[in-house]
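The following exercises concern cysteines, a hairpin, a sheet and helix packing. Each task is followed by a worked solution.

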Amino acid sequence: MKTVARPRPVPDSETEDAIEQFKHTVLAKLTLAVGKDAGAASDRDWFVATTLSLRDRVIHRWLESEREALARGRKQIYYLSLEFLIGRLLNDVAGNLQMDDIVHRALGDLGVNFERVRYAEPDAALGNGGLGRLAACFLESMASLGVPAYGYGIRYDNGLFRQIVKDGWQQEYPEEWLSFTNPWEFERPEVTYDIAYGGWVETVAGRGAHTRFIWHPEETIDAVAYDTPVVGWRGKHVNPLRLWSARAVDPLRLDVFNRGDHVGALTEQARAEALSKILYPSDETPAGRELRLRQEYFFVSASLQDLVQRHRKAYGSLYTLPERAAIQLNDTHPSIAVAELMRILVDLHNVPWDDAWKITVDTCRYTNHTLLPEALESWPVTLFERVLPRHLQIIYLLNARHLEAVAKKQPVSPEVLASISLIDEHEGRHVRMGHLAFLGSGRINGVSAMHSALVRKTVFRELNEHYPDRIVNVTNGITFRRWLYQANPGLTRLLSEACGADIRDNPDAIGRFARHAEDRRLLEKLRAVKRANRLALGRVVRERLGLSVDPAALFDVQIKRIHEYKRQLLNLLETVALYNAMRADPTREWVPRVKIFGGKAAASYAAAKLIIKLAHDIAEVVNHDPAVRDLLKVAFLPNYNVSLAEMIIPAADLSEQISTAGMEASGTGNMKLALNGALTIGTLDGANIEIRDAVGADNIFIFGLLADEVAESRQAARDGRRAIALSPALNEVLEMIEGGVFSPGERDRFEMLTRSLRHGDHYMIVADFDSYWRAQRRADELWRDPDAWSAACVRNIAGMGWFSADRAITEYAKTVWHARF
């Protein structure tokens, strides 16, 4: 637990009155809402009482924000995302309300430690990685900028999973973040929508040529709304995050229960509630794939029904929906929204097809976050027809009209028509959800300059040729309020001294920090801030792993979900190579390093889970070898989440952004780490390119193949054997892994990983190894000169102003949503 010393400002009567008032409010909540006396209250009780006290301050601002947006007819942004990784909210809300000092002092006067209260709040288990954290940053930024918005998602009971590592193997357990309820949220049982599945579609002849389609579903599930307020900077604007929880229409079959089948009587309840139990259920089985499709449709249908109802109540006509609303699809998961909005408009509100399509395209917007085929999603037609029969009809008709319109413009080959079709006819017929999102959205954006260019050239190349003006770029951004001002108060104070207090309101003001890159006195202060953060993280490592680390060492950090393209394996191979070099030349002046890893592997991703095991097996050997003393340590911190990131990022010295070039859309961890003074070692991939341009090529460690070179190597079908033979260090590392040095008694434990390197190297780990090793040694060389390293840190921090989420949201408003604020 990181405890931050906070300077006490000079008290004034107004502040003292506010502290007294807040103390009375907290005590009243503790008694009347929690039902506890102060002497018997636990940290959790104090957390609930404090949260409810802050929530009261938010409600009036929230309602006023909604009234003001409605009165002015302002455009609403509806942000649909399967993930919202919001983390803990107590510090976030108190900071944005400008009440953090009042809360600290009020609780202190009551004999309560704020840090203990803060850590009594569980991380909200509503996401996994960068996608969910980006959604959370964007919601906070929209509120801070006064953009009227709703976040829509799923209220997962148990999140992705809680990662436990036993004997080096990842094991998955349910998150239990809702065990004691969530005091931030408001249950809205009156906001409930029917979500339909299965059944059949009746065709009814209408007047003239008009034909109506009536869907007769075989199953209906209730979606119940829960609202959490998202507070903007200085509390001026509040937007809701509306999450849906699944409920059975008939939760208990009383007739079945009374016949003695007590478990069977709850079957419908269990089937319904499975929709909002966990994030990303395994799709290894047919049942798992169906659950994913049902889950995505569940939250999309509830959200669209809700926003359409709100629009009709406020404005009447659905023809004005594009003027008053923008529906942002955060990645491909919510792409069924295109067909669902068409169903709502055509089937439920009798809007003519062509008008409904224009409304849909003018309202929907799609952010593509990945070039990975599996993340673009496609569903077997047979599954789609069984689960969503009416939507498949709509998609067929959309596809027919789309292909006909393309063919009318110019002659096209059957191959081109097949490539742009919403239905993939190869290896069994599948619905292409990425294509559906593209076709049904008036704007599509990538999330870094390189990624957007690749979106145009690769996955949507043919569609882009026929709809050339749709794809734009909006590079991702992060909220500085969470990732600098709250996570790193020591650095924030230093920046305020050097750049002025307006950095809190103007991220670009951080650019002034570059003027101090040669100020040795400031560089010494910066090193002191970083050392204090490393000490705090060192305590966390010792508490969780029993491992002592040197706070003077270089903290080398890779924290992200475990995936082969993110190349944690490359980092581990270099770790072993460095270990070998230290053992071979113990008298050399080596730079002490702590290699810190964090991240979860998907439950069904065998290779990723094996990489976690390898990390632990390497740590077991390295951390107990007296030959390397404290020169090298390896630490894998389990159950990586937002709160752990807030402890790791301020302490990091080196930021590992080493994905295979052309495969990372943007990244936001790279921005958070650079903002906190870590230097990046990375490929020219995603936003690394824009970071290099912002901080200067001399202040970042770039290595590896370029995206075009990766594509060329794959096309040439080169494997890794020749490169391994030419790299003695890599060859030695692989022979150690294959020889059982890290897995005594089970030599072939990591055979899956080493075989993929020798005979495939799809992710260019072998191809990039030597270049990566040289980049790491350049980092060592710079570290040996503390002033030069610190000056590079200053330039990294100063270059991050453009990567604010506020800038990103401003660009979305202008180029994607066409909204004014």
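**Exercise 1. Cysteines**

Cys-137 has a relative accessibility of 1%, and therefore counts as buried. The model examined here is predicted.

*Task.* Determine how many disulfides the whole structure contains, and establish the state of Cys-793.

*Solution.* Step 1: a search of the whole structure returns zero disulfides. Step 2: Cys-793 takes part in no disulfide, and the nearest cysteine sulfur, which belongs to Cys-499, is 15 Å away. Step 3: a disulfide requires cysteine sulfur atoms within 2.5 Å. Step 4: the relative accessibility of Cys-793 is 6%, so this residue counts as buried, the threshold being under 20%.

**Exercise 2. A hairpin**

*Task.* Describe the pairing of β3 and β4 and the turn between them.

*Solution.* Step 1: β3 spans residues 162-166 and β4 spans residues 169-173; their pairing is antiparallel, over five bridges. Step 2: Lys-166 has Trp-169 in β4 as its bridge partner. Step 3: two residues separate the strands of this hairpin, and Asp-167 in the turn has a positive phi of about 55°.

**Exercise 3. A sheet and the helices on it**

*Task.* State the strand order of the six-stranded open sheet, identify its edges, and place α32 and α33 on it.

*Solution.* Step 1: the order is β19-β18-β17-β20-β21-β22, and the pairing is parallel. Step 2: β19 (632-636) and β22 (701-702) are the edge strands, each pairing on one side only. Step 3: within the sheet, β17 (residues 554-559) and β20 (residues 654-657) run parallel and are joined by two bridges; Asp-556 has Leu-654 in β20 as its bridge partner. Step 4: α32 (residues 765-783) lies across β17, β18, β20, β21 and β22, at about 125° to β18. Step 5: α33 (residues 786-798) also packs on the sheet, where it touches β17, β20, β21 and β22, and its direction makes about 85° with that of β21.

**Exercise 4. Two packed helices**

*Task.* Classify the packing of α11 against α15 and characterise the contact.

*Solution.* Step 1: α11 (residues 337-348) and α15 (residues 389-409) pack at an angle of about 100°, and their axes are 9 Å apart. Step 2: the range 65 to 115 degrees counts as roughly perpendicular, and α11 and α15 therefore fall in that class. Step 3: from α11, Val-338, Ala-339, Glu-340, Met-342, Arg-343 and Asp-347 meet Arg-390, His-391, Ile-394, Ile-395 and Leu-398 of α15. Step 4: sorted by class, this contact of α11 with α15 comprises six nonpolar, one polar and four charged residues.

Note on methods
Residues are numbered from 1 along each chain as its sequence is written. This is a predicted model: local features need pLDDT of at least 70, side-chain atom pairs count only at pLDDT 80 or more; totals for chains, interfaces and linings use all residues. Side-chain values use heavy atoms; hydrogens and water are left out. Axes are lines fitted to C-alpha atoms, for helices over the stretch in contact, and angles run from 0 to 180 degrees between N-to-C directions. Helices (H or I, at least four residues) and strands (E, at least two) are DSSP runs, numbered from the N terminus. Angles under 35 degrees count as roughly parallel, over 145 as roughly antiparallel, 65 to 115 as roughly perpendicular and the rest as oblique. Contact means heavy atoms within 4.5 Å. Ala, Val, Leu, Ile, Met, Phe, Trp, Tyr, Cys and Pro count as nonpolar, Asp, Glu, Lys and Arg as charged, and the others, Gly among them, as polar. Two strands pair if DSSP finds at least two bridges between them. Buried means under 20% relative accessible area, exposed over 50%, partly exposed in between (1.4 Å probe, protein chains only).
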